[in-house]
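Here are some exercises to work through with the coordinates open beside you. Try each task first, then compare your steps with the solution.

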Amino acid sequence: MEQQVPYVSVVDPIGPAIERVKTVLFRPFDLGRWFIIGFCAWLAQLGDPGGGGGGNGSRHEINRGDIRHEFDHAREYVVNNLDWLIPMAAVAAAVFIGVWLLLLWISSHGRFMFLYCVAQNKAEVKAPWYRFRQAANSLFAFRAVVGLITLAAAIVPFLIGGIIVAATSATIGFNVLSVMGIVAAVMYFIAVMIVAASISKFTKDFVVPIMYLHTGSSVRAWQILLDLMSANAARFVLYILVQIAIAIAIGAMLMASVCCTCCCAACLFALPYIGTVLLLPVHVFGRSYSLYYLAQYGPQFNAFELSPGATAANP
């Protein structure tokens, strides 16, 4: 069981993290080095979620008979076309999951590669890819399982709720119970996303460095982290709050740069890989900040002073 460390600050790592950015990227400035480290950072971000959309319908009154008619028509269409709808849906799902798993596997390697570049102040691709392939495969398996569980936990209630709402709307009309069901499904979805985002955040910020240092599996690294968090719960909550504040500050600076360049900067930031290279100081700062914060819990967690795998025995 990890003991509580006498002093841990969420502010102190900011200064060293900024200095790390200067050391890695500007002392000296080397454009080729930026592109190499930026490539590792880009790989580490592959498969991150994003997207959105919306729309509205025409303004007219829909009565219960219209809803029932549309529902029956849609059900009849699906039933009459199951022979090709099911295979098409299965192929689409298989392709989606396959691409997602591929990106997840690559990004799992990329996270160790980028951490290695920042911690060791090196610009290498091949060496860390092969050096950490076993740890990256373990990380990939963990992230894949968590991702699939999250997907099932988020989608299944919506499918069940959608069927119930559609059925009740077609029979007794859209009522208070339907609204309550939708609100409950949305709140449940938000709760699932918060839990998934927290697991992803702690995995990226702390589990990967622990695996990097102790060459263990992702499950073992999580056990070490949970022991540490159980003795320092309030500190890790404060860490998340400060991370949110830092993200807001960085977002404000990026928004200012976009406004000052008449959105030209936004177009460049949106370009795959190029955007990551341009924002590399932000990525190096974020990676360095979490490493310096973790290092405060003891020398066995200091990725800057220890060689990868040097403390594999008992962290």
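## Exercise 1: Asn 121 and its loop

Asn 121 has a relative accessibility of 26%, so this residue counts as partly exposed. Keep in mind throughout that the model is predicted.

**Task.** Locate Asn 121 and say what sign its phi angle has.

**Solution.** Step one is the place: Asn 121 sits in the loop between α4 (82–120) and α5 (126–131). Step two is the backbone: phi of Asn 121 is near 55°, which is positive although the residue is not glycine. Step three takes us to Lys 122, found in the loop between α4 and α5 as well. With 32% relative accessibility, Lys 122 is partly exposed.

## Exercise 2: Contacts around Lys 122 and Val 24

**Task.** Which residues does Lys 122 contact once neighbours within four places in sequence are left aside? And which does Val 24 touch, not counting residues up to four places away?

**Solution.** Start with Lys 122: its contacts are Arg 33, Ile 37, Tyr 116 and Cys 117. Ile 37 lies 85 residues away along the chain, yet the C-alpha atoms of Lys 122 and Ile 37 are separated by 8.1 Å.

Now turn to Val 24, which belongs to helix α1. Its relative accessible area is 0%, and buried means under 20%, so Val 24 is buried. Val 24 touches Arg 33, Ile 37, Val 118 and Asn 121. In sequence, Val 24 and Cys 117 are 93 residues apart; from C-alpha to C-alpha they are 8.4 Å apart.

To finish, put the two lists side by side: Arg 33 and Ile 37 appear both for Lys 122 and for Val 24.

## Exercise 3: A cis peptide bond

**Task.** Where in the chain does Pro 28 lie, and is the peptide bond from Arg 27 to Pro 28 cis or trans?

**Solution.** Pro 28 is in the loop between α1 (14–25) and α2. For the bond, check omega: from Arg 27 to Pro 28 omega is near 0°, and the bond is cis.

## Exercise 4: Classifying aromatic pairs

**Task.** Classify the ring pair of Phe 39 and Tyr 273 as stacked, tilted or edge-to-face.

**Solution.** A search of the whole structure gives 24 aromatic pairs. For Phe 39 and Tyr 273, begin with the distance: the ring centres are 6.2 Å apart, and the cut-off for a pair is 6.5 Å. Next comes the angle: the planes stand at 85°, and planes over 60 degrees apart count as edge-to-face. The pair is therefore edge-to-face.

What does this pair link? Phe 39 is in helix α2 (residues 31–45), while Tyr 273 is in the loop between α10 (264–269) and α11 (274–278), and these positions lie 234 residues apart in the numbering. Phe 39 is partly exposed at 29% relative accessibility, and Tyr 273 is partly exposed at 22%. Tyr 273 also has a positive phi of about 70°, although it is not a glycine.

Repeat the steps for Phe 236 and Tyr 293: the centres are 5.9 Å apart and the planes make 80°, giving an edge-to-face pair. Phe 236 is in helix α9 and Tyr 293 in helix α12, so the pair ties together parts 57 residues apart in sequence. Both Phe 236 and Tyr 293 are buried. Ring pairs also join Phe 236 and Tyr 293 into a cluster with Phe 202, Phe 206, Tyr 239, Phe 285, Tyr 289 and Tyr 297.

## Exercise 5: The second largest pocket

**Task.** Which residues line the second largest pocket, and which element gives the largest share of that lining?

**Solution.** First the volume: this pocket holds about 170 Å³ of space. The lining is made of Val 21, Ile 246, Ala 249, Ile 250, Met 253, Leu 254, Pro 281, Val 282 and Phe 285. Two elements give two or more residues to the lining, α9 (233–260) and α12 (280–295). The largest share, five residues, comes from α9. Last, sort by type: nine residues are nonpolar, with no polar and no charged ones.

## Exercise 6: The whole chain

**Task.** How many helices and how many strands does the protein chain have?

**Solution.** Count the elements: there are twelve helices and zero strands. Then look at burial: of the 315 residues, 34% are buried. Among contacts with a separation of 6 or more, 79% are between residues 24 or more positions apart. Finally, the accessible surface comes to about 17,800 Å², and carbon and sulfur atoms account for 70% of that.

Notes: Residues are numbered from 1 along each chain as its sequence is written. This is a predicted model: local features need pLDDT of at least 70, side-chain atom pairs count only at pLDDT 80 or more; totals for chains, interfaces and linings use all residues. Side-chain values use heavy atoms; hydrogens and water are left out. Helices (H or I, at least four residues) and strands (E, at least two) are DSSP runs, numbered from the N terminus. Buried means under 20% relative accessible area, exposed over 50%, partly exposed in between (1.4 Å probe, protein chains only). Contact means heavy atoms within 4.5 Å. Accessible areas come from the Shrake-Rupley method with a 1.4 Å probe; for residues, only the protein chains shown count as cover. On a 1 Å grid over the protein atoms alone, a cavity is a set of points where a 1.4 Å probe fits but cannot get out, and a pocket is an open set with protein on both sides within 12 Å along at least five of seven lines; lining residues have an atom within 4 Å of a point. Grid points are joined across faces, edges and corners, and a volume is the space filled by probe spheres set on the points. Ala, Val, Leu, Ile, Met, Phe, Trp, Tyr, Cys and Pro count as nonpolar, Asp, Glu, Lys and Arg as charged, and the others, Gly among them, as polar. Rings of Phe, Tyr and Trp (its six-membered ring) pair if their centres lie within 6.5 Å; planes under 30 degrees apart count as stacked, over 60 as edge-to-face and the rest as tilted.
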